[in-house]
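Biologist: I am new to this structure and would be grateful for a close look at a single part of it. Please take the sheet, and explain how it is built and what packs against it.

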Amino acid sequence: ILGIQEKKFYGRGAGYEHVLWQHLIAEHFSDYRVEIEKFKGGKAIDVAITTNELLIGIEVAMSSANEKENILKDFLKANTDFVIVACNDKKVQGKVREIVMQMPEQIRNKTEVYLLSELLSKKPDEVIRNFEQGQLNI
């Protein structure tokens, strides 16, 4: 009905709700080069946004269980410039923020944590411009 191609899930915690959010995010940022499950450096980024200057990884967090690993893999294996963790609720967002605050400064300063609804309510150009200008607020 939604036009989303059926997919076999290999990762932990992946499911239809996760895939739906990935597609909504990809559609929201469709003015940029967007790829769902971009495989880079042995790591799949949930949603990757490529601009002329940056690679931004977006991780869809249905829980906080694997987010530390996801963030680290995005930076260390996929070589993203910035990471956004888009959380499905405030409880998950709070836990992810705690995780990010315990990470090394060079990662912490390049990571944003949003609710999914907040991310999708922001203008894509504004989000990208903030990363380009280094104006992040965890």
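Modeller: The following account begins with the chain as a whole and then turns to the sheet, its helices, the cores and some individual residues.

The model is a predicted one. Its protein chain contains six helices and five strands, and along the sequence these elements follow the pattern α-β-β-β-α-β-α-α-β-α-α. Of the 138 residues of the protein chain, 41% count as buried. Among contacts in the protein chain between residues at least 6 apart in sequence, 60% join residues at least 24 apart. The surface exposed by the protein chain comes to about 7,900 Å², and carbon and sulfur atoms supply 47% of that area.

The five strands make up an open sheet, with the order 1-2-3-4-5 and mixed pairing. Strand 1 (33–40) and strand 5 (111–115) each have a single partner strand, so both stand at the edges and each has one side without a neighbour in the sheet. From one strand to the next, the twist averages 30 degrees. In general, the strands of a sheet are paired by backbone hydrogen bonds, in either a parallel or an antiparallel manner.

Two hairpins belong to this sheet. Strand 1 and strand 2 are paired in the antiparallel sense over seven bridges, and V34 stands opposite I49 in strand 2. These two strands form a hairpin with two residues between them, and G41 in the turn has a positive phi of about 65 degrees. Strand 2 (residues 43–50) is also paired with strand 3 (residues 55–61), again in the antiparallel sense, over four bridges. In this second pairing, T50 stands opposite L55 in strand 3. Strand 2 and strand 3 likewise form a hairpin, with four residues between them. Because six of the eight residues of strand 2 are buried, that strand is largely enclosed by the rest of the structure.

Two helices that lie across the sheet may now be described. Helix 1 (residues 16–28) lies across strand 1, strand 2, strand 3 and strand 4 (82–87), and runs at about 135 degrees to strand 1. Helix 6 (residues 124–132) lies across strand 2, strand 3, strand 4 and strand 5, and its direction is at about 140 degrees to strand 4.

The nonpolar cores come next. The largest nonpolar core has 18 residues, of which I25, F29, I56, I58, I84, L119 and F131 touch the most other members. Two or more residues of this core come from each of helix 1, strand 2, strand 3, strand 4, helix 5 (116–121) and helix 6. A second, separate core has twelve residues, including A61, V92, M103 and I107. Within the largest core, I56 offers a detailed example. Apart from its neighbours within four places in sequence, I56 is in contact with V47, A48, I49, F82, I84, I128 and F131.

Two of these contacts of I56, F82 and F131, also belong together as a ring pair. The structure holds one aromatic pair. F82 and F131 form this pair, which is tilted, with 4.8 Å from centre to centre and 50 degrees between the planes. The pair links distant parts of the chain, since F82 is in strand 4 and F131 is in helix 6, 49 residues apart. F82 counts as buried because its relative accessibility is 10%, under the limit of 20%. F131 is also counted as buried, at 2% relative accessibility.

At the other side of this account stands strand 5, an edge strand, in which Y114 is found. Y114 is buried, since its relative accessible area is 10%. Leaving out residues up to four places away in sequence, Y114 touches I84, V85, A86, C87, Q93, L119 and K122. The C-alpha atoms of Y114 and R97 are separated by 9.2 Å, while the two residues are 17 residues apart along the chain.

In summary, the sheet is an open one of five strands with mixed pairing, helix 1 lies across strands including strand 1, and helix 6 lies across strands including strand 5.

Technical notes
Residues are numbered from 1 along each chain as its sequence is written. This is a predicted model: local features need pLDDT of at least 70, side-chain atom pairs count only at pLDDT 80 or more; totals for chains, interfaces and linings use all residues. Side-chain values use heavy atoms; hydrogens and water are left out. Two strands pair if DSSP finds at least two bridges between them. Axes are lines fitted to C-alpha atoms, for helices over the stretch in contact, and angles run from 0 to 180 degrees between N-to-C directions. Contact means heavy atoms within 4.5 Å. A nonpolar core is a set of buried Ala, Val, Leu, Ile, Met, Phe, Trp, Tyr and Cys residues joined through side-chain atoms within 4.5 Å. Buried means under 20% relative accessible area, exposed over 50%, partly exposed in between (1.4 Å probe, protein chains only). Rings of Phe, Tyr and Trp (its six-membered ring) pair if their centres lie within 6.5 Å; planes under 30 degrees apart count as stacked, over 60 as edge-to-face and the rest as tilted. Accessible areas come from the Shrake-Rupley method with a 1.4 Å probe; for residues, only the protein chains shown count as cover.
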